[in-house]
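The following exercises are meant for a reader who is meeting this structure for the first time. Work through each task with the sequence and the model in view before turning to the solution beneath it.

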Amino acid sequence: MELNDADDALLELLRLLERRGYRFVTPTPASHARVLARAGRDEARCLTDVLGWSLPFRAGVDSEVQALLDAAGAIAQDGEHRRASVRVSSLHDRLFVHSAYPTDATDAVFFGPDSYRFADLIRAELTAHPLARQAGVVDIGTGSGVGGIVAALAGEGARVTLTDVNPAALRLARINAAAAGIAPVLIESDTLAWVAEPIDLATANPPYIIDADERAYRHGGGMHGGEVSLEMARMATERLAPGGRLILYTGSAIVDGADPLHAALETLGAEQGCALRYREIDPDVFGEELSNPAYADVDRIALVAAVMTRAG
């Protein structure tokens, strides 16, 4: 699929920002809100205010950037101000475009601390166990494309497929991939039925929180938010080539000291002939969610890394 004029404008925006040395690390939404609540944070005064902190701005903050945002259709009027509908974040010396703060829309394309941890997990795994040349890589639920792009850059000649149910995500993932010099196959689907070949590497960073609004990028379904992770793992392991791997980064609700997702992945691995390596990355995140009645029996939410490898 070719980039259209609006896509080209966002791609040129990424290239312009790269030439300028733009960098912005996106925090959690809670941290973002706290920063914006400080005195004097009501109007953009620099480029990171516009494209990082999603602050409203007046004409003249940066005419070159504003022209590209206009061409991309990525500026909304906000009273006497204007506001970018996208953000740009840096990760592993590359830039990614994604949805502006706050990410309340049902088709929002999220990027945040999980994106950084997911990318670091992939890089570490592929440094320790490199991909074969021209490996087939599939990033399931790609969002802004982080998993597939990081994996592709780590593997020589990797053939990359990005899947997502959200066309807005696939659009931005395609732009981010183009900025990284990658031309992926894009599939709008919640299954792998349209992926023709066996998979050498699958990557997934599924949602793992119970979200009352059931936003696709955040809602993990049953199992206290672990259902989508387990389903993605099932889809991937069913399609792995001999020696193929799934790198899964997600969260797991710990109940009475037990990890139901770990147990379910062990059962799945035995069924699919896949060895499982599983570890906690962070023992306690999103503690505020435990006030939600849906988490009434949960001790904590842990961030976990799972690597499932099919026998060769």
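**Exercise 1. A helix and its cover**

How many of the nine residues of α6 are buried?

Solution. Keep in mind from the start that the model is a predicted one. Step one is to fix the cut-off, since a residue is called buried when its relative accessible area is under 20%. Step two is to apply this cut-off along the helix, which gives seven buried residues out of nine, so that α6 is mostly covered. Step three is to name these buried residues, which are V146, G147, G148, I149, V150, A151 and A152.

**Exercise 2. A serine in a loop**

Find the place of S144, and decide whether S144 is buried or exposed.

Solution. The first step is to locate S144 in the loop that runs between β5 (136–140) and α6 (146–154). The second step is to look at its accessibility: S144 counts as buried because its relative accessibility is 3%. The third step is to list its contacts, leaving aside neighbours within four places in sequence; among them are F96, V97 and H98, then V109, F110 and F111, and also L172, A173 and N176. I149, one of the buried residues of α6, is in contact with S144 as well.

**Exercise 3. A leucine in a strand**

Which residues are in contact with L201, leaving aside its neighbours within four places in sequence?

Solution. Begin by placing L201 in strand β8, which covers residues 199–204. Next, note that L201 has a relative accessible area of 0% and is therefore buried. With neighbours within four places in sequence left aside, the contacts of L201 are L126, L131, G136, V137, V138, A151, R245 and I247. Of these partners, A151 is one of the buried residues of α6. Finally, consider D139, which lies 62 residues from L201 along the chain, although the C-alpha atoms of the two are separated by 8.4 Å.

**Exercise 4. Salt bridges**

Find how many salt bridges there are in the whole structure, and describe several of them.

Solution. A search of the whole structure gives 19 salt bridges. Take as a case the one between E64 and R20, whose closest N and O atoms are 3.0 Å apart. This pair links distant parts of the chain, as E64 belongs to helix α4 (residues 63–71) and R20 to helix α1 (residues 5–20), with their positions 44 residues apart. Both side chains belong to partly exposed residues, E64 having a relative accessibility of 43% and R20 a relative accessible area of 39%.

A further case is the salt bridge of R58 with E43, where the closest N and O atoms are 3.2 Å apart. Because R58 lies in the loop between α3 (47–51) and α4, while E43 lies in the loop between α2 (29–36) and α3, the pair ties together parts that are 15 residues apart in sequence.

Then turn to D78 and R83, whose side chains meet in a salt bridge with an N to O distance of 2.6 Å. Salt bridges that share partners also join D7, R171 and R174 into one network.

**Exercise 5. Backbone exceptions**

Where is the cis peptide bond that involves P102, and which residues other than glycine have a positive phi?

Solution. Start from the general expectation, which is that most residues other than glycine have a negative phi and that most peptide bonds are trans. Against this, the peptide bond from Y101 to P102 is cis, with omega near 0 degrees, and P102 is placed in the loop between β4 (94–99) and α5 (113–128). S54, which is not a glycine, has a positive phi of about 55 degrees; S54 lies in the loop between α3 and α4 and is buried, with a relative accessible area of 1%. D256 also has a positive phi, near 50 degrees, and its place is the loop between β9 (240–254) and α10 (260–272). Unlike the buried S54, D256 counts as exposed, at 70% relative accessibility.

**Exercise 6. A charged patch**

Which residues form a negative surface patch?

Solution. The patch is formed by D190, E227, E231 and E238. To examine one member, place E231 in helix α9, residues 227–239, and note that E231 is partly exposed, with a relative accessible area of 40%.

Conventions
Residues numbered from 1 in each chain as written. Predicted model: local features only at pLDDT ≥ 70, side-chain atom pairs only at ≥ 80, totals over all residues. Heavy atoms only, no water. Patch = residues over 30% accessible without salt bridge, like charges linked within 9 Å, V, L, I, M, F, W, Y side chains within 5 Å. Areas by Shrake-Rupley, 256 points an atom, 1.4 Å probe, with all protein chains shown as cover. Salt bridge = Lys/Arg side-chain N within 4 Å of Asp/Glu carboxyl O. Lys, Arg positive; Asp, Glu negative; His and termini not counted. Charge placed at Lys NZ, Arg CZ, Asp CG, Glu CD. Helix = DSSP H or I, 4+ residues; strand = E, 2+ residues; numbered from the N terminus. Buried < 20%, exposed > 50% of the residue type's maximum accessible area, 1.4 Å probe, protein only. Contact = heavy atoms within 4.5 Å.
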